[in-house]
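User: I am new to this structure. Please take a close look at one loop of your choice, and then describe the rest of the chain around that choice in plain terms.

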Amino acid sequence: MTTTGQASGPALGICGALSQKGGEAGTGQGPGMDRFSFQVSATDGAARSGVISTPRGEIRTPAFMPVGTAATVKAMLPESVRATGADILLGNTYHLMLRPTAERIARLGGLHKFMNWDRPILTDSGGFQVMSLAALRKLTEEGVKFSSHIDGSKHMLSPERSMEIQKLLGSDIVMCFDECPALPATDEVVAKSMRLSMRWAQRSRDAFGDRPGHALFGIMQGGVTRELREESAAALTAIGFDGYAVGGLAVGEGQEAMFGVLDYATDMLPADKPRYLMGVGKPDDIVGAVERGIDMMDCVLPSRSGRTGQAWTRRGQVNMKNARHMDDPRPLDEACSCPTCRSYSRAYLHHVLRSQEIIASMLLTWHNLHYYQELMQGLRDAIAAGRLAAFVQGFHSQRAEGDIPPV
Ligand SMILES: [Zn+2]
């Protein structure tokens with residue numbers, strides 16, 4: 001069962017075509033893949049695994065999207081990011097519109113060519129980052145006027161301008177322009193902001209137009225209040241999108257509150273469209289979100305942590321700056337098949353970190369992205385085999401053991 005990327009297309013149920021076996025489809029491009037579509041191939045509880053097809057290739061779900069903020073996943077070559085198992089990257093509209101500008105990227109052939117990544121790219125709308133990074137913001141019904149955090153130059157982001165920028169970039173999955181209030185906030189503030197975002201969602205849909213092969217995702221808001229989430233989901237599904245993001249989480253509400261929202265929020269969204277949890281997260285956030293029916297996630301954590309000496313492993317987080325690694329000839333994780341763990345010792349990683357060598361960021365980022373993608377593969381395999389509960393139990397028990405004892 002495959003649904004088309006057209007909002008006006010038939011809404012097909014997923015229940016008739018589920019398979020508990022057979023694993024996943026391949027990731028190659030095939031004939032007839034000129035449209036955006038999503039196919040769920042297996043479910044286990046609320047979790048699902050499947051494939052998003054785009055003209056630029058397939059995205060195996062649940063998917064983790066590394067963040068390529070300024071047209072690069074920091075410290076990584078695009079081919080190395082691909083080698084970790086990533087099917088799709090995220091790019092940031094706010095950063096790219098300011099530097100080098102979307103118009104310049106378009107003149108140079110679009111973001112894929114510019115950054116040498118020919119697979120799918122999802123771009124955010126700029127809405128979240130303009131509220132968190134820009135100076136002198138002025139929010140109106142029309143959009144947000146702001147000054148660049150780089151040079152103070154004045155700009156405007158609106159639903160129409162955000163759609164224009166994301167089109168100039170050549171994004172495969174375009175996000176609606178929305179507003180996200182920081183939590184905690186009163187219901188009144190959250191409701192007012194959510195309703196503005198829903199009006200902006202309609203304007204985003206109108207401005208996006210009909211672009212076969214490209215997808216537009218709506219973003220559900222409503223904070224941690226069920227009634228507001230319901231209202232937002234109803235408004236978005238009435239407009240009709242190719243996928244739906246759960247927005248307004250991972251903004252300081254804590255994991256328990258986030259899972260509390262996901263316990264009901266994913267059910268409010270169409271089962272036959274991808275569900276994307278924005279800005280998540282730590283490995284245990286990802287596992288919990290997948291258990292609750294999320295198909296896509298993104299986070300700067302694995303790459304950012306790599307640059308600060310933090311490694312993510314199946315035994316939890318390891319601080320490679322710690323002096324206990326100084327004489328340790330063992331790899332970061334003897335069971336990991338990434339280039340870092342295959343060829344470098346903890347002692348070496350510790351040394352290049354302390355010496356602030358560039359290779360420290362490269363090696364730790366590679367390992368972290370590899371670990372994240374391996375986790376996603378484990379989740380996909382477990383869902384396909386109907387053994388997600390056992391996988392999750394193993395995930396938590398390994399982390400509870402903690403890092404290997406010092407030499
Ligand atoms: Zn590794």
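Analyst: A residue is called buried if 20 or more other C-beta atoms lie within 10 Å of its own, exposed if 12 or fewer do, and partly exposed in between. The model is predicted.

The loop chosen is the one between helix 2 (93-98) and helix 3 (102-107), where proline 100 is placed. Threonine 101 lies in this loop between helix 2 and helix 3 too. How exposed is threonine 101? Threonine 101 has 13 other C-beta atoms within 10 Å, so it is partly exposed. Its phi is positive, about 90 degrees, although threonine 101 is not a glycine. Just before it, arginine 99 and proline 100 are joined by a cis peptide bond, with omega about 10 degrees. Most residues other than glycine have a negative phi, and most peptide bonds are trans.

Other places in the chain can be set beside this loop. The peptide bond from valine 280 to glycine 281 is cis, and its omega is near 0 degrees. Glycine 281 sits in the loop between strand 13 (275-277) and helix 10. Leucine 136 is a residue other than glycine with a positive phi, near 50 degrees. Leucine 136 belongs to strand 7 (residues 135-139). With 10 other C-beta atoms within 10 Å, leucine 136 is exposed. A positive phi, near 70 degrees, is also found at glycine 209, which follows helix 7.

Helix 7 itself runs over residues 187-208. At 1.5 Å a residue its 22 residues should span 32 Å, and its end C-alpha atoms are 30 Å apart, which agrees. Among the buried residues of helix 7 are Val190, Met194, Met198, Trp200 and Phe208. The buried residues of this helix pack against helix 6 (159-169), strand 10 (173-175), strand 11 (215-220) and helix 8 (226-239).

Next comes the annotated site. An unreviewed UniProt entry places the feature "active site" at Asp124 and Asp298. The two span 175 residues in sequence, yet no two of their C-alpha atoms are more than 10.6 Å apart, so they gather at one spot.

Aspartate 124 is in the loop between strand 6 (121-123) and helix 5 (127-133). It is buried, because 29 other C-beta atoms lie within 10 Å. Leaving aside neighbours within four places in sequence, aspartate 124 is in contact with Leu90, Asn92, Thr93 and Met175.

Aspartate 298 is placed in strand 14 (residues 296-299). It counts as buried because it has 22 C-beta neighbours inside 10 Å. Not counting residues up to four places away in sequence, aspartate 298 touches Met65, Val67, Leu90, Met278 and Gly279. Leu90 thus appears in the contacts of aspartate 124 and in those of aspartate 298.

Now the overall layout. The protein is divided into domain 1 (37-298) and domain 2 (306-401). The C-alpha centres of domain 1 and domain 2 lie 27 Å apart. The contact takes 25 residues from domain 1 and 22 residues from domain 2. On the domain 1 side, strand 1 (37-44), strand 2 (47-54), strand 4 (63-66), helix 1 (78-83) and helix 10 (283-291) each supply at least two residues. Helix 10 gives the most to that side, with five residues. By class, the side of domain 1 that touches domain 2 has 14 nonpolar, six polar and five charged residues.

The unreviewed UniProt entry also places the feature "domain: tRNA-guanine(15) transglycosylase-like" at residues 46-400. That span is 45% helix and 18% strand, and its end C-alpha atoms lie 25 Å apart.

Further along the chain there is a hairpin, which joins strand 15 to strand 16 through two residues. Strand 15 (residues 310-313) and strand 16 (residues 316-319) pair in the antiparallel sense over four bridges. Tryptophan 312 has glutamine 317, in strand 16, as its bridge partner.

To return to the chosen loop: a cis bond between arginine 99 and proline 100 is followed by threonine 101 with its positive phi.

Conventions. Residues numbered from 1 in each chain as written. Predicted model: local features only at pLDDT ≥ 70, side-chain atom pairs only at ≥ 80, totals over all residues. Domains from an automatic or database assignment. Contact = placed C-beta atoms within 7 Å. Nonpolar A, V, L, I, M, F, W, Y, C, P; charged D, E, K, R; others polar. UniProt positions renumbered as here; feature names shortened; annotations may be inferred. Expected span 1.5 Å × (residues − 1). Pairing = 2+ DSSP bridges.
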